[in-house]
Amino acid sequence: MGAHFARAQSRPSSEAPGLEWDAGASLPPVLDAITDPERIRCILATAVALGSPALLRRGLGVTPLRLEHLDADTGRLHWTCVSPDMGPCDVELQGHGCMYRMHVTEGWHEAGAWLTPLPSRIVQVRRRAWRRGPATGALRVRLPLPGWLGRERSAVDVSLGGLSLKLATGERLSVGRVLQPIELLMEDGQRLSLRGEVRHVSDGVDETFHCGLQVTPLSLQDAKHWRALVTRALHPKTRADGSLVEEHWRLFSDSGYFDLAGRSSDWFEARRASFVALGQRALGLEAVLSEVVWPSERGVEATLSIMKPYRSLWMVHQLARRQDGAKYERVRGQMLRDVYVRAVEHAQADSGFRWLAAYIESTVSFIRRAHVDFAERMAGTGRTCLLPMRMIDVGCAHPIGQQDSGLELGPATEAERRLLTEEIALTRPACYAEALDLRLETLDLEDAARPWLERGLERERHLLVAREGTTPLAVAVLEVGPPGTNPFRLLDSARLFPLSARGRDAYPALLDAARHWFARRGRDGFTFLAEALGDVEAAGLHDEAPEAKPFLWIIPADLAPEFLEHLHEQTAPRPLRTPEKELS
C-alpha cells in the first residue's frame with residue numbers, strides 16, 4: 001500500500017504515482033538485474049524528471065526520499081530526505097509500473113542533500129497486476145461488519161482489481177477476510193456493490209491503518225460503473241468516449257498526419273464521415289476498439305487508437321500530436337505517455353489479450369526509440385517480431401490486365417490451407433502466425449470477427465488461390481474491416497504468399513482478383529502488405545515512397561508493462577549531454 005507522503009499532492013497521470021508497495025512488506029523477488037550503465041542512467045534520469053518517490057530501507061526502518069538530481073559528470077545522485085543513519089542500506093525507487101531497488105554502501109551529506117554514488121547494478125521487481133490511481137476525496141466505503149451500520153471510511157486509491165481505504169484508530173481487519181456486499185458511495189450519489197477480500201493491512205499516520213482489498217463488482221452494471229470510476233482515476237487527462245471525434249479528425253489534418261500518405265485533402269475528406277460515425281459509437285465498442293484523445297482548452301492535442309483485429313491481438317495505430325502542444329503539459333512528454341498508457345491498459349483489461357502490435361514507420365525518431373529499440377532490446381526472448389515490409393495503396397479501379405493469365409482462381413481447399421500455414425511457419429517469425437490468426441485452426445477468422453459482427457461492424461477474411469492446372473501457385477489473404485477504423489485502411493488489406501517456386505508469377509492475377517473482391521464490398525482501394533523483398537515488383541506495382549521504412553511490430557502481452565516502462569524512459573525530459581544528442 002502506498003505511503004502517505006507520496007500521495008500528498010495529485011500528479012498528472014504520466015508522472016510517477018504514489019508508492020505502490022507496502023512500507024513494511026518483505027522484499028519482492030528479483031525479475032531483472034540491470035547492469036548496463038546507459039540503461040541505469042536512463043532509469044535514474046526518468047525518476048528525476050517525473051519526481052518518482054522512493055523508500056530507504058535499513059533494517060526495520062523505512063524513510064521516504066526523492067531523487068532530485070543525477071550529476072552525470074561526478075556520477076553522484078542527490079536525494080532529498082530526512083537525514084538517514086550512516087551505513088549500508090537499500091533504496092527502492094518507483095517506476096511506472098514496477099519498483100527498482102539498489103544497494104547503497106556509502107552516502108554522505110552535502111548542502112542539505114544526501115549524496116550517493118551512481119550504482120553499477122539495479123534490480124527490477126514488479127508487484128501489481130493493476131496500476132493504482134488516487135481516489136477522489138468524495139469516494140466513501142461502507143463495510144458489512146457488525147456494529148458498522150452507517151459507518152463510512154474514505155477510499156485512498158483504486159485499481160481495476162482493488163481499492164484501499166483508511167481505517168480509524170483501533171479498527172482492524174484480518175487478512176483473508178471476505179466482505180460482501182461492500183457499498184461504494186460515489187460523488188454523484190450513485191452506489192456500487194462489490195465483493196472484497198482483505199489482502200493486507202499496513203500502518204498509516206496518526207495511528208491509523210491502510211487496508212488493501214481485492215474487489216469484484218457484483219453485477220454487470222456495477223462492473224460498468226466501477227471500470228468508469230477507475231478509468232477516471234487512472235487517466236484524468238485523456239478521454240475515449242467519442243465526444244471529441246470532430247476535433248480528433250481535425251488533429252489529423254493540423255498535425256501533418258495526413259501528409260504521410262501523399263494523398264489529397266479530398267481523398268481524406270471522403271473518409272471523414274465514416275470515421276466520425278464510428279467514433280460517435282465509441283462507448284459501445286470497447287470490446288474491439290478504443291480511440292484515446294488528450295484534449296486541452298483549444299481542442300485535441302494528441303491521440304492514439306487501439307483495436308482488436310485478431311482473436312488475441314490488440315493493435316495501436318494512428319498516433320498524432322500537435323507540434324506546439326507542449327505548452328499544455330505539466331511535464332514534457334506527458335501527452336505521449338498518457339495516450340499510450342491508456343491505450344495499452346485498455347488492452348490489458350481484456351482477459352484474452354496475448355499480443356500487442358503496430359505497423360510502425362521507423363524513420364520517425366520517436367517511433368524508432370519507443371518501438372524499434374524496445375523490440376531490439378527484447379529480441380533475445382525469441383517472442384518478438386520486427387518484420388520489415390512495404391505498405392502499398394492499391395486502387396480498385398485500375399487492374400493490371402492479367403485477366404487472360406490462364407490461371408484458375410478460387411477459394412483455398414483444405415490442402416492449400418495447410419500449404420499456406422507451412423509456408424508461413426518456414427518464412428515468418430514464430431509469433432507471427434499465432435498473433436495474426438494465421439494458424440490452420442484460426443484461418444477463417446471466425447473468433448476474431450465475432451465481436452465486430454455482434455456490434456454491426458464488418459470483419460471478414462478470404463483466402464484466394466491461383467492455380468495452374470491442379471498446382472497451387474500462390475495465395476492471397478484478403479481482409480476487410482469497418483470503414484472509419486483508420487484513415488489509411490489498415491483493416492482492408494491483402495497479403496500474398498507463394499505456394500510453389502513459381503508462386504510470384506501469379507501475384508498480378510491475384511491482385512486483380514483482390515480489386516474485384518474489395519470493390520464488391522464497397523471499397524475503392526486496399527493496402528497491400530508486402531512482407532518479402534521483391535513482392536511489390538512481382539505484383540506489378542510501384543512503391544511511391546521508397547524512403548519509408550515500415551515494420552510490423554509485435555510483442556507478447558506480458559512484455560506490455562515493460563514496454564510502458566521503456567516508453568516513460570524515452571519520453572521523460574532530461575538535459576542534453578551535448579547540443580547534438582538528445583538522451584530522451
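**Why the labels fit**

Modeller: Leu 445 lies in the loop between α8 (430-435) and α9 (446-454). Bear in mind that this is a predicted model.

Colleague: What is unusual about the phi of Leu 445?

Modeller: Its phi is positive, about 65°, and Leu 445 is not a glycine. Most residues other than glycine have a negative phi.

Colleague: What makes the peptide bond between Gln 180 and Pro 181 cis or trans?

Modeller: Omega decides it: the angle is about 0°, and the bond joining Gln 180 and Pro 181 is cis. Most peptide bonds are trans. As for where this happens, Pro 181 belongs to strand β14 (residues 178-185).

Colleague: How do you know whether α5 and α12 run roughly parallel or antiparallel?

Modeller: Look at the crossing angle. The axes of α5 (residues 334-348) and α12 (residues 560-571) cross at roughly 175° and come within 10 Å. Anything over 145 degrees counts as roughly antiparallel, so that is the label for α5 and α12.

Colleague: Which residues make that contact?

Modeller: From α5 there are Leu 336, Arg 337, Tyr 340, Val 341, Val 344 and Gln 348; α12 brings Ala 560, Pro 561, Phe 563, Leu 564, Leu 567, His 568 and Thr 571. By class, the contact of α5 with α12 has nine nonpolar, three polar and one charged residues.

Colleague: And what is α1 called relative to α12, and why?

Modeller: The axes of α1 (residues 37-50) and α12 come within 9 Å and cross at roughly 75°. The window for roughly perpendicular is 65 to 115 degrees, so α1 is roughly perpendicular to α12. On the α1 side, Arg 39, Cys 42, Ile 43, Thr 46 and Leu 50 meet Glu 562, His 568, Glu 569 and Gln 570 of α12. Here the classes come out as three nonpolar, three polar and three charged.

Colleague: Why is the aromatic pair of Trp 249 and Phe 275 called what it is?

Modeller: Two values settle it. The centres are 5.2 Å apart, and the limit for a pair is 6.5 Å. The planes make 50°; stacked needs under 30 degrees and edge-to-face over 60, so this pair is tilted. Trp 249 is in α3 and Phe 275 in α4 (residues 265-279), 26 residues apart, and the pair links distant parts of the chain. The structure holds 18 aromatic pairs.

Colleague: How many cavities of 30 Å³ or more are there?

Modeller: Three. The second largest holds about 70 Å³ of space.

Colleague: What lines the second largest cavity?

Modeller: Its lining includes Arg 239, Asp 241, His 248, Gly 279 and Glu 291. The elements giving two or more residues to that lining are α3 (245-255) and β17 (289-296). Sorted by class, the lining residues are four nonpolar, four polar and three charged.

Notes:
Residues are numbered from 1 along each chain as its sequence is written. This is a predicted model: local features need pLDDT of at least 70, side-chain atom pairs count only at pLDDT 80 or more; totals for chains, interfaces and linings use all residues. Side-chain values use heavy atoms; hydrogens and water are left out. Axes are lines fitted to C-alpha atoms, for helices over the stretch in contact, and angles run from 0 to 180 degrees between N-to-C directions. Helices (H or I, at least four residues) and strands (E, at least two) are DSSP runs, numbered from the N terminus. Angles under 35 degrees count as roughly parallel, over 145 as roughly antiparallel, 65 to 115 as roughly perpendicular and the rest as oblique. Contact means heavy atoms within 4.5 Å. Ala, Val, Leu, Ile, Met, Phe, Trp, Tyr, Cys and Pro count as nonpolar, Asp, Glu, Lys and Arg as charged, and the others, Gly among them, as polar. On a 1 Å grid over the protein atoms alone, a cavity is a set of points where a 1.4 Å probe fits but cannot get out, and a pocket is an open set with protein on both sides within 12 Å along at least five of seven lines; lining residues have an atom within 4 Å of a point. Grid points are joined across faces, edges and corners, and a volume is the space filled by probe spheres set on the points. Rings of Phe, Tyr and Trp (its six-membered ring) pair if their centres lie within 6.5 Å; planes under 30 degrees apart count as stacked, over 60 as edge-to-face and the rest as tilted.
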